[in-house]
Amino acid sequence: MNNLEIVQKYFSLFLAGKTQEAFELISDNAVWTIKGSNNVPTVGRWEGKEQIATFFNRFSQNFEPKEFNIIHYFPAVDKVFVTGNFTHFVKPTQKLITSDWMIQFTLENSKITGYKILEDSYGLYLSFLKD
């Protein structure tokens, strides 16, 4: 598989709830980077599969995806950029957050080694504020 196919397979498996199979596409020393406010439980730098698993556990504890759309893939040498949008229900505050996003995947030796998402971090901050 080429890098584009690996990222497409990752999304396909992850969105189908096959997280264990999706994790097989991730390098043992991968780094997930999510910037934003520390009131959002998924923000941070997550290094290695164990920490990335913690990230996904926090995601499922705090968000219920309502809509997730992939608009386009842009493959480039060792990276694949993906654009899209989402709407998530924020469980702790009962609010909805909608955002466009762009994810930069870095790949090496047919494994995902990096993930960096750009999204509406201010909107996420607001969605975690209790009224």
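Two strands pair if DSSP finds at least two bridges between them. The model described here is predicted. The protein chain holds four helices and six strands, arranged along the sequence as α-α-β-β-α-β-β-β-β-α. Its radius of gyration is 14 Å, close to the 14 Å that the globule rule gives for 131 residues, so the chain is as compact as a globular protein of that length.

**Overall dimensions and surface**

- The C-alpha trace of the protein chain spans about 45 × 30 × 25 Å along its principal axes.
- Of the 131 residues, 40% count as buried.
- The exposed area of the protein chain is about 7,400 Å², and carbon and sulfur atoms supply 50% of that area.
- Among contacts between residues at least 6 apart in sequence, 46% join residues at least 24 apart.

**Strands S3, S4 and S5**

- Strand S3 (residues 63-76) pairs with strand S4 (residues 79-90) in the antiparallel sense, over twelve bridges.
- Ala76 stands opposite Lys79 in S4.
- The hairpin of S3 and S4 has two residues between the strands, and Val77 takes a positive phi near 50° there.
- S4 also runs antiparallel to strand S5 (residues 95-108), to which twelve bridges join it.
- Asn85 has Asp100 in S5 as its bridge partner.
- S4 and S5 form a hairpin with four residues between them, and in this turn Gln94 has a positive phi of about 65°.
- In a regular strand the side chains alternate between the two faces of the sheet.

**Two buried residues and their contacts**

- His88 is located in strand S4.
- His88 has a relative accessibility of 5%, under the 20% limit, and therefore counts as buried.
- Leaving aside neighbours within four places in sequence, His88 is in contact with Phe59, Phe63, Glu64, Pro65, Lys66, Glu67, Lys95, Leu96 and Ile97.
- Ser127 belongs to helix H4 and counts as buried at 3% relative accessibility.
- Not counting residues up to four places away in sequence, Ser127 touches Val90, Thr93, Lys95 and Ile97.
- Lys95 and Ile97 thus appear in the contact list of His88 and also in that of Ser127.

**Salt bridges**

- The count of salt bridges comes to five; three of them are described below.
- Lys49 and Asp28 meet through their side chains in a salt bridge, at 3.7 Å from N to O.
- This pair links distant parts of the chain, with Lys49 in helix H3 (residues 48-62) and Asp28 in strand S1, 21 residues apart.
- Lys49 counts as partly exposed at 25% relative accessibility, whereas Asp28 is exposed with a relative accessible area of 63%.
- Lys79 forms a salt bridge with Asp78, at 3.9 Å from N to O.
- Both members of this second pair are partly exposed, Lys79 with a relative accessible area of 22% and Asp78 with 35%.
- Lys95 and Asp131 form a salt bridge in which the closest N and O atoms are 3.2 Å apart.
- Lys95 lies in strand S5 and Asp131 in the segment after H4, so this salt bridge ties together parts that are 36 residues apart in sequence.
- Lys95 is buried because its relative accessible area is 19%, where buried means under 20%.
- Asp131, at 89% relative accessibility, counts as exposed.

**Glu24**

- Glu24 sits in the loop between helix H2 (19-23) and strand S1 (26-34).
- The relative accessible area of Glu24 is 48%, which makes this residue partly exposed.
- Glu24 touches Lys49 and Lys111, not counting residues up to four places away in sequence.
- The C-alpha atoms of Glu24 and Val80 are separated by 18 Å, the two residues being 56 places apart along the chain.

**Nonpolar patch**

- Tyr122, Leu126 and Leu129 make a nonpolar surface patch of about 280 Å².
- Leu126 is found in helix H4 (residues 121-127) and counts as partly exposed at 35% relative accessibility.
- Helix H4 thus holds both Leu126 and the buried Ser127.

Notes. Residues numbered from 1 in each chain as written. Predicted model: local features only at pLDDT ≥ 70, side-chain atom pairs only at ≥ 80, totals over all residues. Heavy atoms only, no water. Patch = residues over 30% accessible without salt bridge, like charges linked within 9 Å, V, L, I, M, F, W, Y side chains within 5 Å. Areas by Shrake-Rupley, 256 points an atom, 1.4 Å probe, with all protein chains shown as cover. Salt bridge = Lys/Arg side-chain N within 4 Å of Asp/Glu carboxyl O. Buried < 20%, exposed > 50% of the residue type's maximum accessible area, 1.4 Å probe, protein only. Contact = heavy atoms within 4.5 Å. Rg over C-alpha atoms; globule rule 2.2 N^0.38 Å.
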